[in-house]
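This report covers side-chain contacts and backbone geometry in a single structure. The sequence and the model come first, and the notes follow.

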Amino acid sequence: MIPTSKKATANILRQTSASVARKSTLTTLVAEPVRGSASVIARTRPGQHNYAASTVAQQDRVGARRNFASLPPQGSVKKPGAAKPLFNKILIANRGEIACRVIRTARKLGVKTVAVYSEVDRDALHVKMADEAYCIGPAPSSESYLRMDKIIDVAKRSGAQAIHPGYGFLSENAIFAQQLADAGLKFIGPPASAIIAMASKSESKDIMTRAGVPCVPGYHGSDQSPTKLLSEAKSIGFPVLIKAVLGGGGKGMKIAYSASEFEEALVSAQREAAKSFGDSRVLVEKYIERPRHVEVQVFGDTKGDVVSLWERDCSVQRRHQKIIEEAPAPGLSEDVRRDLGDKAVAAAKAVGYVGAGTVEFIFDNDTQQFYFMEMNTRLQVEHPITEMITQQDLVQWQLEVASGNPLPLKQNEIPQIGHAFEARIYAENPRNNFMPDVGPLLHLTTPAPSESVRLENGFETGSQIEVFYDPLIAKLVVHGRDRTEALRVLRKALEEYHVVGLSTNIEFLHALASHSAFVRAEVETGFIKKYHDELFPPIAEPVPDLLAQAALFVVLRDQPIFSGEGNASPWTTLSARRFGGDLHERRITFHHESLGEAPLEAIVTSTSPGNFKVQIVTPTTNRTFENVSARIATGSSSRVECTLDNALRRTTIVPQAPTGVGLNVAAERLHIFHGGAKTVLTIPPPKWLLSLGNDLAKNVGGGSIRAPMPSVVVEVKVRVGDTVKKGDAVVVLESMKTETVLRASVDGTVQNVGCTSGEMVEEGRELVGIQTEIVE
């Protein structure tokens with residue numbers, strides 16, 4: 001979490017007017033294509049000068065480069081002054097995409113960077129990008145990224161002058177900020193007093209109430225006894241939201257819809273809060289049933305100036321965590337927008353805020369009222385969409401302000417141009433309740449960065465997504481002249497984002513961005529639940545042409561076609577015909593999740609080198625494709641080019657080798673990226689091997705509870721011999737800082753327990769076996 005000041009940009013902009021060289025240094029991270037003046041969307045607060053005219057003039061000056069971050073609005077260039085120099089070297093106390101993000105801006109400004117990493121992050125992208133890197137401990141964050149002493153020691157050893165905490169980990173830790181000050185190091189964030197005041201949800205709400213900012217009804221008291229909290233919940237009225245007093249990001253947050261659910265939700269929220277933030281205290285608030293999540297980006301400097309850089313809508317969430325954000329927030333009246341900005345600035349000024357912060361509000365769709373929720377004293381994950389519509393580099397603002405420079409722009413000079421979306425690419429399985437996934441990125445191709453598409457990557461092909469950390473892989477950020485265009489760009493970019501090796505939410509994000517209600521901007525935090533059936537339609541059987549391409553890929557991969565001139569021989573053309581002159585035929589069996597164990601058959605007949613007949617037989621289809629030409633694309637091992645019904649098809653197919661050995665071998669998977677969607681087919685092992693394995697694996701009837709993902713066992717709630725009922729909590733797991741409760745699927749007796757508290761378990765491992773009575 002990184003609070004930043006705006007003074008930095010101001011100094012840079014002053015120098016911009018004095019030096020062309022400085023202009024080139026300030027090239028923005030975001031480039032946007034030139035558009036006509038009629039398509040520019042620019043807003044100013046009522047009562048302030050019209051920024052639209054200066055925006056158009058600025059576009060004319062910038063031309064095709066459109067480097068908005070390097071040029072201030074017309075008439076806003078500060079007079080040249082003695083800008084304080086930036087740091088020579090900074091340490092980034094974080095990992096993943098935010099560490100890479102900070103390094104990119106530092107590199108642009110000529111600032112050297114120091115990375116820290118845990119033992120499992122030795123080959124991480126942020127380590128490769130930094131000028132220096134130091135290992136600070138084992139994989140668990142409590143032994144590495146949360147070790148203040150080790151981070152400070154590395155800063156001193158490396159000669160870093162300041163520490164950028166990113167978000168998460170130590171970014172909102174006032175003790176860390178103070179320890180840095182005591183060590184003579186600069187914390188690139190707000191003062192400790194502001195962190196203390198606003199990081200505590202209960203204290204911050206008290207401050208907001210005194211400042212006249214409306215707050216959601218709730219209990220923020222110090223009495224944390226379960227009896228008191230339940231009593232307050234009943235007084236507030238169910239449903240209620242239980243939230244950790246410290247922290248954010250959906251951790252330590254549970255909903256209780258009735259008094260009977262309250263105790264279990266409270267215990268889980270307190271446990272998550274203690275693990276994530278070192279403080280188990282919670283507050284209880286009224287749960288608004290149709291809310292929107294609207295937040296305002298603010299920036300303050302040491303001169304007492306605070307501005308807002310417009311608002312963002314982050315309403316669509318799962319597990320109380322954002323997955324897609326946009327700026328500006330759609331559908332707000334200018335009066336509401338102005339009031340939100342004014343209240344956010346007032347909130348920041350109430351605590352003497354310095355740097356980058358975000359004031360979050362709950363907007364009630366039913367009453368059109370908004371309430372203060374919390375203030376995050378750091379740079380948000382979704383800050384790039386604000387950068388896109390303001391054309392400012394907020395990390396650069398942070399570095400400038402932390403160096404002692406003033407805000408670069410006044411409130412009436414901050415532009416709002418077009419519309420932007422951010423889609424968070426997570427390692428998770430949306431169809432399995434968004435359960436996190438871990439593993440290697442075996443294959444990764446992304447949309448090409450452009451003037452309208454920006455990628456914030458933290459990993460590359462071959463990287464390992466670890467169980468110890470948040471499952472965020474990357475952020476896909478797009479910009480358009482308006483919301484409709486930006487959404488179109490987002491959908492296209494998601495279609496070009498291919499990942500193999502673990503589950504991701506890419507297809508779900510595409511479904512979300514295509515949903516008619518989302519297109520109409522009818523957003524709310526309960527959007528996914530409300531439209532669940534439409535967002536998760538039944539999985540359709542693969543179409544015949546996709547199966548044909550998959551079969552052709554297998555044939556071509558296993559028997560390449562040799563096309564070199566002068567090399568023709570019976571051996572290089574052997575795949576087309578057998579020795580007796582018969583045409584070569586191969587039968588391939590696929591399985592797909594839509595049909596369970598029902599086979600999908602493809603019979604491929606090679607009529608001549610590079611030409612085939614393909615017959616597809618499924619429970620619902622019998623289709624034959626004649627005169628099919630096919631090849632693996634030149635220079636690629638995963639791209640098939642073929643003609644089906646005289647239409648040229650180009651499809652990416654990535655094989656994933658089977659895991660396991662002997663009787664435990666799994667099926668090979670083919671990941672097919674076709675028509676903007678991903679389909680996974682499996683090629684099962686030989687039937688004789690499956691049959692033998694099934695015979696050996698037979699066991700008596702019962703309920704086996706297995707780990708749905710690699711996890712750490714938090715609590716085992718049963719022992720051998722215990723009697724359980726269907727629905728009873730059996731094991732509590734934690735993966736990527738999120739708890740999951742596994743429950744019995746049947747009534748029975750615990751026959752075996754295969755895990756212990758604190759143990760790391762792999763996906764698929766049997767944790768508890770439940771014996772049921774066998775009825776003959």
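## Charges over rings

Arg-318 lies over the face of Tyr-426, 4.4 Å from the centre of the ring. This and every other value here comes from a predicted model.

Another such contact involves Arg-483, whose charged end sits over the ring of Phe-518 at 5.1 Å from the ring centre. Arg-483 is buried, because its relative accessible area of 12% is under the 20% limit for that class. Phe-518 also counts as buried, at 2% relative accessibility. Both residues of this contact take part in further pairings: Arg-483 in a salt bridge with Glu-326, and Phe-518 in an aromatic pair with Phe-421.

## Salt bridges

The whole structure holds 53 salt bridges. One of them joins the side chains of Arg-483 and Glu-326, with an N to O distance of 2.7 Å. This pair links distant parts of the chain: Arg-483 belongs to helix α15 (residues 483-495) and Glu-326 to strand β14, 157 residues apart. Glu-326 has a relative accessibility of 2% and therefore counts as buried. With Arg-483 at 12%, the two ends of the bridge fall in the buried class.

The bridge between Arg-338 and Asp-335 has its closest N and O atoms 2.9 Å apart. Both residues lie in helix α12, and because they are three residues apart, about one helical turn separates them. Arg-338 is partly exposed, with a relative accessible area of 26%, whereas Asp-335 is exposed at 51%. The value for Asp-335 passes the 50% limit above which a residue is classed as exposed.

Glu-422 and Arg-424 form a salt bridge as well, with 3.8 Å between the closest N and O atoms. Glu-422 and Arg-424 are both buried. Through shared partners, salt bridges join these two residues with Glu-295, Arg-312, Lys-322, Glu-325, Glu-360 and Glu-382 into one network.

## Aromatic pairs

A pair of aromatic rings is described by how far apart the centres are and by the angle of the planes. The count for this model is 15 aromatic pairs. Among them is the pair of Phe-421 and Phe-518, with a centre-to-centre distance of 6.1 Å and 45° between the planes, which makes the pair tilted. This pair links distant parts of the chain, since Phe-421 is in strand β17 (residues 419-426) and Phe-518 in helix α17 (residues 516-519), 97 residues apart. Phe-421 has a relative accessibility of 0% and counts as buried, as does Phe-518 at 2%.

Phe-508 and Phe-536 form a stacked pair, 5.2 Å centre to centre with 15° between the planes. Phe-508 is part of helix α16 (residues 506-514) and Phe-536 is in the loop between α19 (532-535) and α20 (544-558), so the pair ties together parts that are 28 residues apart in sequence. Both Phe-508 and Phe-536 are buried. Elsewhere, ring pairs connect Tyr-145, Phe-169, Phe-468 and Tyr-469 into a cluster.

## Cis peptide bonds

Most peptide bonds are trans, and most residues other than glycine have a negative phi. Where does the model contain a cis peptide bond with omega of about 5°? This bond joins Phe-238 and Pro-239. Pro-239 lies in the loop between α10 (226-236) and β7 (240-244).

The bond from Ala-327 to Pro-328 is also cis, with omega near -5°. Pro-328 is in the loop between β14 (324-327) and α12 (334-350). The two elements that flank this loop also appear in the salt bridges above: β14 contains Glu-326, and α12 contains Arg-338 and Asp-335.

## Positive phi angles

Asn-433 is not a glycine, yet its phi is positive, at about 55°. Asn-433 is placed in the loop between β18 (428-429) and β19 (435-436). With 56% relative accessibility, Asn-433 counts as exposed.

Asn-646 has a positive phi too, near 65°. The loop between β30 (639-644) and β31 (647-656) holds Asn-646. Is Asn-646 buried or exposed? Its relative accessible area is 81%, so Asn-646 is exposed.

Note on methods
Residues numbered from 1 in each chain as written. Predicted model: local features only at pLDDT ≥ 70, side-chain atom pairs only at ≥ 80, totals over all residues. Heavy atoms only, no water. Helix = DSSP H or I, 4+ residues; strand = E, 2+ residues; numbered from the N terminus. Buried < 20%, exposed > 50% of the residue type's maximum accessible area, 1.4 Å probe, protein only. Phe/Tyr/Trp six-rings, centres within 6.5 Å; stacked < 30°, edge-to-face > 60°. Lys NZ or Arg CZ within 6 Å of the ring centre and 35° of its normal. Salt bridge = Lys/Arg side-chain N within 4 Å of Asp/Glu carboxyl O.
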